[in-house]
Amino acid sequence: MSKQAQNNSASARRPPEEDEICRVCKSSRYLNPNMKFLVNPECYHEMCESCADRIFASGPAPCPYAGCTKTLRRNKFRKQTFADLKVEREVDIRKRVNAIFNKREDEFNSLRDYNNYLNEVEDLTFNLINKVDIEKTERKLLSYAEANRRAISQNDVRASKESQRLAAEERLKKEQAIQRREAAQRELDEERRVRAEGKADVIHKLASGESATKVAKEAKKTVLKRTLFKQQAEVDKQARLEAAAAASEATLNGDGDDLVFAGLKQHVEAAPLRPYDAYGGLAFERKMSNLQNSYDDGALPRHENLYYLKQDPRAMAGGYNIKEVYSQVLCEAFAGLGVFLSDELGEKAGAATRGTGTAGAAVAAATGSGDVQMMDAF
Amino acid sequence: MEDSPQEPSTAAVDPTIDLSEQLNIETRNKYVKGKEIGSGTYAFVYKGHLRDEPNTLVAIKKMKVMENYKDGLTMDAVRETKYLQELSHPNIIKLYDVFTSKDTNMNLVLEFLPRGDLEQLIHDTGNVRYNSADTKAWMGMVARGIWFCHENFVLHRDLKPNNLLIAADGEVKLADFGLARSFSEPHLAMSTEVITRWYRPPELFYRARQYSGAVDIWSVGCIFAELILRNAFLPGQTDIDQVEVICQRIGTPTEENWPGVSKLASYVPVAKDKVRPVQPKSYYMQLFGTVGPFGVDLLMSMFTLDPRKRVTAKGILDHEYWAKDPRPTDKENLPKKGGGEKKMGEDLKRKGGVLEEGKADKVARKIDFGAMKK
């Protein structure tokens, strides 16, 4: 640990005796055992409750600490949560920033985007905490809050509903656990009672002079009956529990006006249903060639001549399509003509070399309006 | 990867080796090969991911070196590489990269499709339920895929439900281009020993050496029928039996409904009294009525005996069926079944053109390459 850091932590934690003295009115806990210390998140200077009441009773007033120029209000004073006021301040700042930047992961297209967002937020937070570029950061924060007010409040509502639901679920679970425990206890008592009764019955019967074997047999029979009864009860209980669970689920879901449906994608307005495109948005068009119904290839030798193939019923009956041959040949011959390498290279090179790419495309557009630019691809 | 697993790509490259070798090493080092998810007589399939982005999964299909192809690569491997690298469409499995390992093994880096295949969904009648809107959505994706192939002059020649893999987002993708080829040069005879039997059109049984995209359309029709029936529509036991089944369920090919059919090499004339007429629409309505009259129309046009009159892939997409109710289900909402990576491994390792059932089917189909050379 560096010396600097040691100094910092030493100044942050004051000796315990000083902790008991209000630095504004110098009264100590010895004289006033009910003394409470308060801080104001404007400057985090602490003072006792009576000082805060006294100084700020008639409206806003400057902080009584020497050299502190902040104007404070009574209603902003509160008890501090953390002993270290630095931590107190950081937590406050984080609370404030998080209330504004409350976007969730599912609002982003990818985890990377979300992480970038978190990084940006953390930068802002860091600046605020360490008082770097405060004005600029503050401005950024406020303008963002202004611009995204609706989204922020929506997310806020969403979060509070979720926490409500969670709390309700928690409560329900606890209740169910209590019920289960009580039911088990009741059952145990009942069983004990029945067993005791049975025993007393047997003794009574033996005492009144019945034969021992008969009594034993009867006792066995009752035991058997009891187990059967118990099994039935078990089944009933299971059904009852399930019904109760279903009912509580229903209450959880249908809770009056604050209806929350799980799994709903909120504030994503459904796009109007477009008619089904069987082609999936793709289309082919042949710009560079025009397919004719027939071609005269009479000069070609017989084995290359499609005319003879067309006359061959064996080829035709198999479904062979001469027009497809023409189409393929034309496509393979001319499809490349519509491709300007410089354009494609420009697209590929992307933003970094956009200058050269568009320059190339411009050249291509200027010179290649009618004829084709031949470029060596290899 | 088995060789040089952790070396960074650039540092490992020896400046003395030639450029293609350097590129190969670079490509190989781009991926990390994970566990094996399937292996067969034809290929091993591994799960893998990008070295730089472990979340981007891929399937790596390593072709086995075949005994009788000592000098080079198997036809299947060449075809698959050749056509997949040309085709880039949402309904066709994507080939990212190709590299070799240990000098002899060819590795295809393919899109990772973890949701099994259409065959699983069709035949798991106990757990998977789907309706006519789902059927329409799947058929739309299949039709788009095959349309794209044909538009780029590629015949798939092995369409069947277990070659239709399902991506994580529900998109159906054509896979296994091991039997694919480009549209024929005129006068060049094509092999008729293609397409798995149940999905093979009649012209191939009659050994027409010149054919067109219509052969794939017949398969698409069989897939459509199978989606509706949840059972193969034309399950022949042998090639001869398959022709018989087609005659029964579709109709007997004759000169009337298919001019020139009797000239085909293996056409067997049928006695006049044995000829079964082409089944009327009422017959199809009875079997496939759930997809509505327009769906039945489309199905019938795919099952046209004469390949010249059979609907084209573009014709399928232009059909009224797509515009009618019900609207096809969005791909996110299609029924799913977790076949998982294992199933993808099984699908990719398979050899083309073979049914999976039965002992005899383990024997790979003999493809008549000699005939192609004339």
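When I say that one part of this protein covers or touches another, I mean that heavy atoms of the two lie within 4.5 Å. With that in hand, please keep in mind that what we are looking at is a predicted model.

Let me begin inside chain B, with helix α10, which spans residues 292-302. Which residues of this helix are buried? They are Gly292(B), Gly295(B), Val296(B), Leu298(B), Leu299(B), Ser301(B) and Met302(B). As for what covers these buried residues, the cover includes α5, α7 (214-229), α9 (281-288) and α11 of chain B. A point about helices in general may help you here: an α-helix has 3.6 residues a turn, so residues three or four places apart point the same way.

Staying in chain B, I would like you to find Gly345(B), which has its place in helix α12, residues 340-349. Is Gly345(B) buried or exposed? It is buried, because its relative accessible area is 0%, and the cut-off for calling a residue buried is under 20%. If we leave aside residues up to four places away in sequence, Gly345(B) touches Ile37(B), Gly38(B) and Val45(B). There is also a pairing across the sequence to look at, since the C-alpha atoms of Gly345(B) and Phe44(B) are separated by 7.8 Å although the two residues are 301 apart along the chain.

Now let me turn to the contact between the two chains. Chain B contributes 36 residues to it and chain A contributes 32 residues, and together the chains bury about 2800 Å², of which 62% is on carbon and sulfur atoms. Within the area that chain B buries against chain A, Phe153(B), His187(B) and Arg327(B) supply 23%, which is more than any other three residues. How many salt bridges are there between chain B and chain A? The count is zero, whereas eight residue pairs are in polar contact across the two chains, with both residues at pLDDT 80 or more. On the side of chain B that touches chain A, α5 (132-151) and α11 (313-318) each supply at least two residues, and α5(B) gives the most, with six residues. You will remember α5 of chain B from a moment ago, where it was among the elements covering the buried residues of α10(B).

Let us move on to chain A as a whole. Its secondary structure comes to 13 helices and four strands, and of its 378 residues, 20% count as buried. Chain A exposes about 28100 Å², with carbon and sulfur atoms supplying 55% of that area. If we take the contacts in chain A with a separation of 6 or more, residues 24 or more positions apart account for 51% of them. On the surface there is a nonpolar patch of about 230 Å², made by Met288(A), Phe334(A) and Leu337(A). Of these, Leu337(A) lies in the loop between α11 (322-334) and α12 (341-349) of chain A, and it counts as partly exposed because its relative accessibility is 31%.

My last topic is salt bridges. Side chains of opposite charge can pair when their charged atoms come close. Over all chains, the structure holds 31 salt bridges. One of them joins Glu49(A) and Lys36(A), whose closest N and O atoms are 4.0 Å apart. This pair links distant parts of the chain, with Glu49(A) in helix α3 (residues 49-56) and Lys36(A) in the loop between α2 (16-19) and β1 (37-38), 13 residues apart. Glu49(A) counts as partly exposed, at 28% relative accessibility, and Lys36(A) also counts as partly exposed, at 38%.

In chain B, Arg200(B) forms a salt bridge with Asp239(B), and here the closest N and O atoms are 3.6 Å apart. Arg200(B) sits in the loop between β9 (181-182) and α6 (202-205), while Asp239(B) belongs to helix α8 (residues 239-249), 39 residues apart. Which partner of this pair is buried? Arg200(B) counts as buried, because its relative accessibility is 1%, whereas Asp239(B), at 29%, counts as partly exposed.

Back in chain A, the side chains of Lys103(A) and Glu107(A) meet in a salt bridge, at 3.6 Å from N to O. Finally, Arg78(A), Glu88(A) and Asp92(A) are linked in a network of salt bridges, and you may like to find those three residues on the model yourself.

Key: Residues numbered from 1 in each chain as written. Chains lettered and ligands numbered in written order. Predicted model: local features only at pLDDT ≥ 70, side-chain atom pairs only at ≥ 80, totals over all residues. Heavy atoms only, no water. Patch = residues over 30% accessible without salt bridge, like charges linked within 9 Å, V, L, I, M, F, W, Y side chains within 5 Å. Areas by Shrake-Rupley, 256 points an atom, 1.4 Å probe, with all protein chains shown as cover. Buried < 20%, exposed > 50% of the residue type's maximum accessible area, 1.4 Å probe, protein only. Buried area = accessible area lost by both parts, 1.4 Å probe. Polar contact = N/O pair within 3.5 Å; in protein donor to acceptor, adjacent residues only side chain to side chain.
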